[in-house]
Amino acid sequence: MTATATKVAVPPAAEPAVRQRRARRRGRIVALLFVFPALLLLGALVVYPVLFSVGRSLFDATGTRFVGGENYTEMFRDPATLKAVRNTAIWVVVAPALLTGLGLILAVLVEKVRWATAFKLLLFMPMAVSFLAAGIIFRLAYDEDPDKGVLNAAVVGVHDAFQGSSTYPTARARDGQGLSAGAGGSYRTSTTVSPGDTVSLGLVGVAPKDLPEGARPARTAATREAAPDELRGVVYLDFTRGGGGEPGRVDPEESGLPRMTVEAVRDGKTIASTSTAADGSFRFADLSDGSYTVALPGSNFAPPYDGVSWLGPALVTPAIIGAYLWIWTGFAMVLIGAGLSTLPRDTLEAARMDGANEWQVFRRITVPLLAPVLTVVFVTLVINVMKVFDLVYIIAPGPVQEDATVLATQMWLVSFGGGNNQGLGSALGVLLLLLVIPAMVFNVRRFRGSQR
């Protein structure tokens, strides 16, 4: 006996619903086929590494002995890790807030600029620079040597324009030739002098090539006689090229030291002050009778101002945050500018017609309407700064690397940068993941809310 297949008849009224179900089923299958490669990559590059890191964090440095939560306990006992947590907190609090504020201000101002597109392009261009290249650029810009670091070159230039610098930072008195060291790097005559005397103050330690332009021989100045009510003298370089000179005496070829500050001191008080001429000569006139000490203040020998130690322990983290701001300000400005372009212009114009000034319009209307965009930008930047690695690793010099370290760099240093403890490094990675997840969830919910 043969079995025959029975075909269930579909009522004509139900045929459209059946066709729709079949179409949806085929659509799901096609969608899964398209999504499958992405899911495979997501599992291989995200899910598996996360699960492996969680498991690895439960083992010791060798990966053979199960230690449970010991790595997590050790993580918060390590001073370097605690400093990394502190620096990461500074990054999270400071960098996103500054970037969001700068982006908001620039986005509002750019609307009033004629060449707004070109201005936005200039601000956004640093985003095209890799973090490696940006780190090298700012490592050079922050160099402490004013001849290399552009920031210190500017700082030194401004400082010297207002305060000046000493002309003879390497000069010193020759021992046993009438000058003794005083407080603050100054020099003064070992014996007192009186009006009518002439003194010769010899210094060494100045290379002939470092003498100021226009310096003249001191021989003539040393032979001038002083009037009864004046005190004369000469400050000179007690050195003759090729040798042959006599220490403590002005020889014919020895140069005067111009622009040297000289003081006449009596009873510990400065009575008069002057500056040496091109031949090193100086003169105090109309001095009252008595004994004086001639002094060369320490300002004559102060070392040159070298600028700010941008990459020192105190400023290295703010300096790196400054580099980060340079890169990401354009990003914040463009996103906020896109939100600004969607604001209802009639509301802004109505506020202006009611008498509100630009500051009131900005504070009471623009900022509240942009609050959702500002929140998304801020949270996105929070997620980004938690993962910052390149700039910190490249800009911070080796001696201050620990002072600038954040969780991402600490994780790398512990795992591969000499610590070779991948158990502890994996625990740091898990901590970083746990810190990032809340911000990511918040951002995703904000995006879904805006779509609705």
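**Entry 1: the sheet**

I looked up strand β1 (residues 172-173) and found that it pairs with β4 in the antiparallel sense over 2 bridges. I note here that the model is a predicted one. For arginine 172, I recorded valine 204 as the bridge partner in β4.

I then turned to the pairing of β4 with strand β5 (residues 231-237), which is parallel and runs over 6 bridges. Two residue pairs were noted for these strands. Valine 199 stands opposite glycine 233 in β5, and leucine 201 has valine 235 of β5 as its bridge partner.

In which order do the strands of this open sheet stand? I recorded 4 strands in the order β1-β4-β5-β8, with mixed pairing. The edge strands are β1 and β8 (281-284), each of which pairs on one side only.

I next asked why strand β4 (residues 198-204) counts as largely enclosed by the rest of the structure. The reason I found is that 5 of its 7 residues are buried. As a general point, I reminded myself that side chains in a regular strand alternate between the two faces of the sheet.

**Entry 2: the nonpolar cores**

I looked up the largest nonpolar core, which has 59 residues. Within this core, Trp91, Ile320, Tyr324 and Ile395 touch the most other members. The elements that give two or more residues to the core are α3 (79-110), α5 (131-141), α8 (316-341), α11 (371-386), α12 (390-395), α14 (407-415) and α15 (422-451). Which of these gives the largest share? I found that α8 does, with 14 residues.

I examined isoleucine 395 in more detail. Setting aside neighbours within four places in sequence, I listed its contacts as Gly135, Phe138, Arg139, Tyr142, Leu311, Ile320 and Ala323. Apart from the largest core lies another core, of 25 residues, and I noted Val193, Met260, Leu287 and Tyr292 among them.

**Entry 3: two threonines**

I began with threonine 270, which lies in strand β7 (residues 269-275). Its relative accessibility is 45%, so threonine 270 counts as partly exposed. Beyond the neighbours within four places in sequence, threonine 270 is in contact with Glu263, Ala264 and Val265. With glutamate 263 there is a polar contact between the two side chains, at 3.4 Å. I also looked up the separation of threonine 270 from threonine 293: they are 23 residues apart in sequence, and their C-alpha atoms are 9.4 Å apart in space.

I then turned to threonine 366, found in helix α10 (residues 358-369). Is threonine 366 buried or exposed? I recorded a relative accessible area of 6% for threonine 366, under the 20% that marks a buried residue. Threonine 366 is therefore buried. Not counting residues up to four places away in sequence, threonine 366 touches Leu340, Leu343, Leu348 and Val361.

**Entry 4: salt bridges**

How many salt bridges does the structure hold? I noted 10, and I looked up several of them.

One of them joins arginine 65 to aspartate 60, with the closest N and O atoms 3.7 Å apart. I compared the surroundings of these two partners. Arginine 65 is partly exposed, with a relative accessible area of 47%, whereas aspartate 60 counts as buried at 14% relative accessibility.

I next followed arginine 352. Glutamate 349 forms a salt bridge with arginine 352, and the closest N and O atoms are 3.1 Å apart. Both residues lie in helix α9 (residues 345-353), 3 residues apart, which I noted as about one turn of the helix. The side chain of arginine 352 also meets that of glutamate 358 in a salt bridge, at 2.8 Å from N to O.

I recorded the accessibility of each of these partners. Glutamate 349 counts as partly exposed at 42% relative accessibility, and glutamate 358 counts as partly exposed at 41%. Arginine 352 is partly exposed too, with a relative accessible area of 28%.

My last note concerns a network of salt bridges, in which Glu230, Arg232 and Arg283 are linked. I placed two of these residues by their numbers: Arg232 falls within strand β5 (residues 231-237), and Arg283 falls within edge strand β8 (281-284).

Methods: Residues are numbered from 1 along each chain as its sequence is written. This is a predicted model: local features need pLDDT of at least 70, side-chain atom pairs count only at pLDDT 80 or more; totals for chains, interfaces and linings use all residues. Side-chain values use heavy atoms; hydrogens and water are left out. Buried means under 20% relative accessible area, exposed over 50%, partly exposed in between (1.4 Å probe, protein chains only). Two strands pair if DSSP finds at least two bridges between them. Contact means heavy atoms within 4.5 Å. A polar contact is a pair of N or O atoms within 3.5 Å; within protein, one must be able to donate a hydrogen and the other to accept it, and residues adjacent in sequence count only if both atoms are side-chain atoms. A nonpolar core is a set of buried Ala, Val, Leu, Ile, Met, Phe, Trp, Tyr and Cys residues joined through side-chain atoms within 4.5 Å. A salt bridge is a side-chain nitrogen of Lys or Arg within 4 Å of a carboxyl oxygen of Asp or Glu.
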